[in-house]
Amino acid sequence: MSTALPDSRTSAPPGAPSTWRSRVAALGPGLLMASAAIGGSHLVSSTQAGALFQWQLVGLVVAANVLKYPFFRFGAQYTVETGHNLVEGYARKGRGYLWVFFLLCVVSAVIAAAGVGILCAVILKFALPASWSLSVPWVAGLMMLSVWVILLAGRFPALDGLTKVIVVILTTVTVLTVVVAAAKGPQGAADAVAASPWTLASVPFLVALVGWMPAPIEISALQSLWVAEKQRRTPSTARDVLWDFNVGYVVTTVLAVFFLAMGALVQFGTGVEIKMAGGAYIPQLISMYTATMGEWSRPLMALLAFVVMYGTTITVVDGYGRACAESLHHLRRGGGNAGRTAVILWSTLIAVASLAVILWFSAQMGELLRFSMMVAFVTAPVFAWLNFSLVRREEHLPAWLRALSWVGLVFLAGFTVFFLATEVGLVG
């Protein structure tokens, strides 16, 4: 039975023709989602996919983005059309739905924040010029402290502006680098033959690649909360909000393909041993930029890689903090929305818990990021169904979007069952 909630909606203004100015004003939540997405999946997994298997996984990367598209879109669409964020939607559908989301969100929050946090700390420790002798866990601790201070002081407005700068710079530099690399031609041996990724031994890599491609699906709930916050501050039409979402989603998809292309053009077939651990791979990624653009770009790319991952860490801690606070607020049958104090408290708990995970896994830091991606993959069908269940009976839902949702659910559920079967020895 659905749980009735007080109406706390922030409806979109009446439909009006979109203008360039209105679309620019609507930009924000979609780019925040892009910032949260552009991290380990792009910098590490996508590039490794090209370096290991050349062009063979382009189709899988594109398919993962296309088949997950509806479930991310529902976050923005449901919020702007109903005036309720996704967490409110789960609560209105029933407490059982909300409990499932809340429990999985808490687990995902800690694991995801730890995954991006350790990668960010490794970049800061090893990729950037540094004279300190602090260990990576200590660097991660100081970094998490700074994230907490920024969120405590600035919150959404500062995050909104910072994200636009990060995404624009990274997109521009990466696209330029790949274009130059393509003009130079592949750097590897002409007779190099890529191994097949379609083997049981490659399944864990494929799962990690798809798990965070372009991001964990629960990021849609985070984006929904960002849309609601943006609508309270500067209301936009539904058309402009979906345009903002599509811009962010297309950017993440295109960048994933470009990072794969960089690995295929610059590292594949060169004979260089490919480091599979996320942190160990970052120096190789930076070397690909410098091999293409020149040694002068090394400090710039090291700084950019850190800024990108730092921005990802901020958006992950902020977004999951909002989602957990909002979920618990409605589980306690509270009206309205979670207050700022609750969001700060949850962001703090997530930062502290993720740091504890980093310390616990300090001896296996290379596996932590891969584990985070696999958790995101296994939970993806659940989060996808939660989102689809909110809108699947809506008559105005386009037929193509409904069909793509069913195909996406079958893909995610089927691939998850196959992966779990390989893990317990039922396959292979």
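Which residues of H7 are buried? In this predicted model, the buried residues of H7 are Val 136, Pro 137, Val 139, Ala 140, Gly 141, Met 143, Met 144, Val 147 and Leu 151. Helix H7 covers residues 136-153, and its 18 residues should span 26 Å at 1.5 Å a residue; the C-alpha atoms at its ends are 26 Å apart, so the expected span and the model agree.

**The chain as a whole**

The chain contains 16 helices and zero strands. It has 428 residues, of which 57% count as buried. When contacts between residues at least 6 apart in sequence are taken, 87% of them join residues at least 24 apart.

**A contact to H7 from H14**

Leu 355 is placed in helix H14, which runs over residues 340-360. Residues up to four places away in sequence aside, Leu 355 touches Pro 137, Ala 140 and Gly 141. These three are also among the buried residues of H7. Leu 355 has a further long-range relation, to Ile 118: the two are 237 residues apart in sequence, while their C-alpha atoms are 8.6 Å apart in space.

**Two helix pairs**

The table sets out the geometry of two helix pairs.

| Helix pair | Angle | Axis separation |
|---|---|---|
| H4 (residues 58-82) and H10 (residues 219-233) | about 30° | 8 Å apart |
| H9 (residues 203-211) and H16 (residues 399-423) | roughly 145° | within 11 Å |

How are H4 and H10 oriented to each other, roughly parallel or roughly antiparallel? Their packing angle is about 30°, and angles under 35 degrees count as roughly parallel, so H4 and H10 are roughly parallel to each other. The crossing of H4 and H10 is right-handed. On the H4 side the contact is made by Phe 71, Phe 72, Gly 75, Ala 76, Thr 79 and Val 80, and on the H10 side by Ile 219, Ser 220, Gln 223, Ser 224, Val 227, Ala 228 and Gln 231. Sorted by class, this contact of H4 with H10 has seven nonpolar residues, six polar residues and no charged ones.

The crossing of H9 and H16 is left-handed. From H9, Val 203, Leu 206, Val 207 and Val 210 take part, and they meet Phe 411, Phe 415, Phe 418, Phe 419 and Thr 422 of H16. The contact of H9 with H16 has eight nonpolar residues, one polar residue and no charged ones.

**Two loop residues**

Gln 54 lies in the loop between helix H3 (40-53) and H4. What is the phi of Gln 54? It is near 55°, a positive value in a residue other than glycine. Most residues other than glycine have a negative phi. Gln 54 has 25% relative accessibility and therefore counts as partly exposed, since that class lies between under 20% for buried and over 50% for exposed.

Val 272 is found in the loop between helix H11 (238-267) and helix H12 (278-293). Is Val 272 buried or partly exposed? At 47% relative accessibility, Val 272 counts as partly exposed. Apart from neighbours within four places in sequence, Val 272 is in contact with Gln 267 and Gln 284. Val 272 and Ala 51 are 221 residues apart in sequence, with their C-alpha atoms 9.7 Å apart in space.

Methods
Residues numbered from 1 in each chain as written. Predicted model: local features only at pLDDT ≥ 70, side-chain atom pairs only at ≥ 80, totals over all residues. Heavy atoms only, no water. Helix = DSSP H or I, 4+ residues; strand = E, 2+ residues; numbered from the N terminus. Expected span 1.5 Å × (residues − 1). Buried < 20%, exposed > 50% of the residue type's maximum accessible area, 1.4 Å probe, protein only. Axes fitted to C-alpha atoms, helices over the stretch in contact; angles between N-to-C directions. Parallel < 35°, antiparallel > 145°, perpendicular 65-115°, else oblique. Left-handed = near helix turned anticlockwise from the far one by under 90°. Contact = heavy atoms within 4.5 Å. Nonpolar A, V, L, I, M, F, W, Y, C, P; charged D, E, K, R; others polar.
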